[in-house]
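Hi everyone, thanks for coming along. Let me put a structure on the screen, and then we can walk through a few of its features together.

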Amino acid sequence: MKKSSGGSGFGAEQATIGSARTAFLVAAVFLFLIPASGAGQWRNRYPQVSGYGHHVYLEGYELPLLSNGPIDPAPSPDGRVVAFSARGWIWLLDLDTGTARRLTTGPGMDSRPTWHPSGDRLAFVRDNDHDTRIVIADAASGVEIRTIDTPALDLDPAFSPDGNTLYYTSGQAGTLDVWALDLATGESTPVTSEFGIELKPQPLADGALLLLAKRGGDRVELRSRGGEPRVGEEPGNEALLGAGRVLLAGNIASMARPAVSPGGASIAVNWPTDDGWDLRVHDIAQPGASVLLTGGGLPLTPAWSPDGQWIYYSEADDREVMQLKRIRAAGGAVHDVEIRAWQWGHGTARLRIRTRLAPSGSTSGAIDAGSLAPARVSVLGPRGHPAVPDQGAAHFDGASGRVFFYSPGLIEVTVPAGDVTVSAVQGLATPEATATVTAAAGSITDATLELTPVWDARAAGWASGDHHFHLNYGGPYDLDPEDLVPKMEGEALDFATPLLANLHNRYEDQDLWGWEKADAPPFIRFGQEIRSHFLGHMGLLEIPEFHWPWVWGPGYEVYGTDDRTNAEVLDYAHRHGGLGYYVHPVSVPDPFAEGGGGGVPVELVADAVLGDVDALEIMCLWSSFEGTAALWHRFLNLGVTIAPSAGTDVMLNLYRTMAVGTTRVYVHTGDRLNWPVYLDGLRAGRSFVTNGPFLDFRVGPEPVGAGVRPGGVVPPGPSTWTLDLATATEVDTVDIIVNGRVVESHPAIASPGHRTLTGEIELPQGGWIAARARGGRTRWPSMDTSPYAHTAPIWIGARGSTDAAARQESAAELRDILAASIARLRIGYFGLEIPRLEAHFAAAMARLDSLAEAAPPGPHSRSHPH
């Protein structure tokens, strides 16, 4: 795919920040933008590493992956065998015969093998779905010799040239540092200790260490004994390495893994560029010049042959199957390394899985019951090891720790013979179906799972959408838009707007702009994410062309001092008939608690109270849905008609990612299903957002249940309400909310199913009413922290009407957050002249002052057309 902008710092020391002002800006942005962990927000599955703002990147970029083809090649010291990882086990490929022999067979997921210089043993990483450890095993039998298992992450083993020391990365001191294990004494000591993380240590004969460091940027470093200690390291600690040299530097080099040559004179490294990823060779003494071996693809995990003549690497093909390749270190053609036979060590079977839909438990009409149905599938072999199909990318659910893939309704998987457990769901509406079958060696074993939805969204007139995720974002696969279709079908997702976004100073996949699927569901169109990092991130839909710049403000080297508001971007969308909204907005569960305002994007309150924001991403995996909803309630209390939206913000070309549509919005479209009708309903707030519970909420008039849905208007005074509630898991509580306050709470559903709740209510003269479902245990099909759903408001009297007391209280609360935002703005821009930004924030403060007055204003409307 075409990549259109970027750069990397080949052959240069990491640029030192040239002024105190810039250094302060970087520190300020770091402090303001690292999200705090809050309820309703995914945090981490694996042990926490200090200094990482969000574990989604650490777990997505730095932890091993399970693939259906070979990855992590490691040629043996004699050059006759290549060890690699495939299907979560270590295999040994005989280069003469082309036969790959499975070395490990356990339930853990094994990866990143490295050879002892003797060739009689290997070390590798073992992943148990919530932690990693280092295993040293016999190369002939696979029998474990030693295990390094700290309470923290343990990664990337490498033996010293003399075989006496094992270097590895470990988080046992808080950050990911390099440690050295004396194989004779069993004593481990850290050799790095500064802030940030160090990965893939590779020792040289002279005692130096090559490693990949990530702290404020990504860089390949050569660290030597002696010299000046690094910042944060104690002088006099002889075990610690000195400052060393930076050989390469860049940003978000997510899949980069350098490899040092056998003689220690060169490195091979895969590195991102404007046009994809290059595989290059650099001289360690003079790293500025390099030789391009192959470019424009996505080469992964390079490794040298012991004679220094070849560089092995892995790369996924168009089917997302990893292929083993090699190229001469001097350059030339790329050679496929053929695997002629896979020797499993004992019998295998083919498991043929069918998934079918049963009639819905609540409504019927849209679901084609009994036919083969697309599904999300998980398979566990006899020892609990995950199994994956022969093609297509598998994924790892960071909530449950399960490996999953997608089936069109019929799929086959190779498994070790024995008892195999198959599980499947479709979207959020089907409780998990599970079957255990006995797969006999050499046979084809059938497993059929019937999926029974608790709610038929289409029959009820609802369509679902995910409006914030990324097709490609630094992962090991290069996906095409068509690759999204089976994922959406397996998740019963009708509409999707993947957002094109920057990876710091690279702007990838621009050639996808304008691609769409509009003929039939699932419907797909691309949008854009704008990252004025300091002010807040925004999504843009239905714009004719990209907004430029994509990025600006403190934290960026270019446009870092621009006096530019987010409101200008939102206005751009409105002028072109588009929709502008804030994404993953609030990172704390209560933005109105002391210090909670720091979890709100700097410009969000100003833009919202001035009527510039069309929608707010209430639900996102990486932000707090409770905190975002609390802020949204205050905006509604001002009469600002901001619609709710939802997006997962998942990166689909990662192995470790939740499913697209894990958090989603449902829009009521009736019996029509097309882009114009759906987008009109999304703008108007005829919707609810959810990660599992389904809410069909209506208010008055008689008869009960025939009332007005979200986005509509009801009169004040006595009324009735009806809520049709369904869930494929459970949900604890249903709340009826009026003007931000819970006026009624009811027990919800303790197990998969549906029920109808009704009630009577006295509505005030102005404001809004909505329904919310919350609480309970998370399990498949959900992948979020806890069940949650919230309807858009039903307005009382008129759209944008207000209750005077609620409006005054909310305006006062929002003034406090806006005042804190203004202080953060001034600190972030550190004395620069920013008259446009200051005028915008002053106008917002004046608006809040006027809204806090006693006289209620009329319904607030935006100045742009809808």
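To start us off: at roughly what angle do the axes of helix 8 and helix 9 cross? This is a predicted model, so please hear every value as a computed one. The answer is roughly 165°, with the axes of helix 8, residues 804-829, and helix 9, residues 835-851, coming within 9 Å. Anything over 145 degrees counts as roughly antiparallel, and that makes helix 8 roughly antiparallel to helix 9. The crossing of these two helices is left-handed.

Helix 8 also meets helix 6, which covers residues 625-637. Here the axes come within 8 Å and cross at roughly 125°, so helix 6 and helix 8 are oblique to each other. This crossing, of helix 6 and helix 8, is left-handed too.

Now over to the strands. Strands 22, 23, 24 and 25 form an open sheet, in that order, with antiparallel pairing. Strand 22 and strand 25, residues 335-336, are at the edges with a single partner strand each, so one side of each has no neighbour in the sheet. Further in, strand 23 (residues 310-316) pairs with strand 24 (residues 322-328) over seven bridges. As an example, Trp310 has Arg328 of strand 24 as its bridge partner.

Strand 22 turns up again in the next topic, the second largest pocket. Its volume is about 1200 Å³, and 48 residues line it. Thr114, Lys200, Gln202, Val260 and Ala303 are the ones that lie nearest the centre. Among the elements that give two or more residues to this lining are helix 2 (55-62), strand 6 (109-115), strand 14 (197-203) and strand 22 (300-304). What is the make-up of the lining, by nonpolar, polar and charged residues? It divides into 31 nonpolar, eleven polar and six charged.

Last, some backbone details for those of you who like torsions. The peptide bond from Pro521 to Pro522 is cis, with omega near 0°, and Pro522 sits in the loop between strand 41 and strand 42. Another cis peptide bond joins Trp780 and Pro781, this one with omega of about 10°; Pro781 belongs to the loop between strand 56 and strand 57. And Asp129, although not a glycine, has a positive phi of about 90°. You will find Asp129 in the loop between strand 7 (121-127) and strand 8 (132-138).

That's my tour, and I'm happy to take questions!

Note on methods
Residues are numbered from 1 along each chain as its sequence is written. This is a predicted model: local features need pLDDT of at least 70, side-chain atom pairs count only at pLDDT 80 or more; totals for chains, interfaces and linings use all residues. Side-chain values use heavy atoms; hydrogens and water are left out. On a 1 Å grid over the protein atoms alone, a cavity is a set of points where a 1.4 Å probe fits but cannot get out, and a pocket is an open set with protein on both sides within 12 Å along at least five of seven lines; lining residues have an atom within 4 Å of a point. Grid points are joined across faces, edges and corners, and a volume is the space filled by probe spheres set on the points. Helices (H or I, at least four residues) and strands (E, at least two) are DSSP runs, numbered from the N terminus. Ala, Val, Leu, Ile, Met, Phe, Trp, Tyr, Cys and Pro count as nonpolar, Asp, Glu, Lys and Arg as charged, and the others, Gly among them, as polar. Two strands pair if DSSP finds at least two bridges between them. Axes are lines fitted to C-alpha atoms, for helices over the stretch in contact, and angles run from 0 to 180 degrees between N-to-C directions. Angles under 35 degrees count as roughly parallel, over 145 as roughly antiparallel, 65 to 115 as roughly perpendicular and the rest as oblique. A crossing is left-handed if the near helix is turned anticlockwise from the far one by less than a right angle, and right-handed if clockwise.
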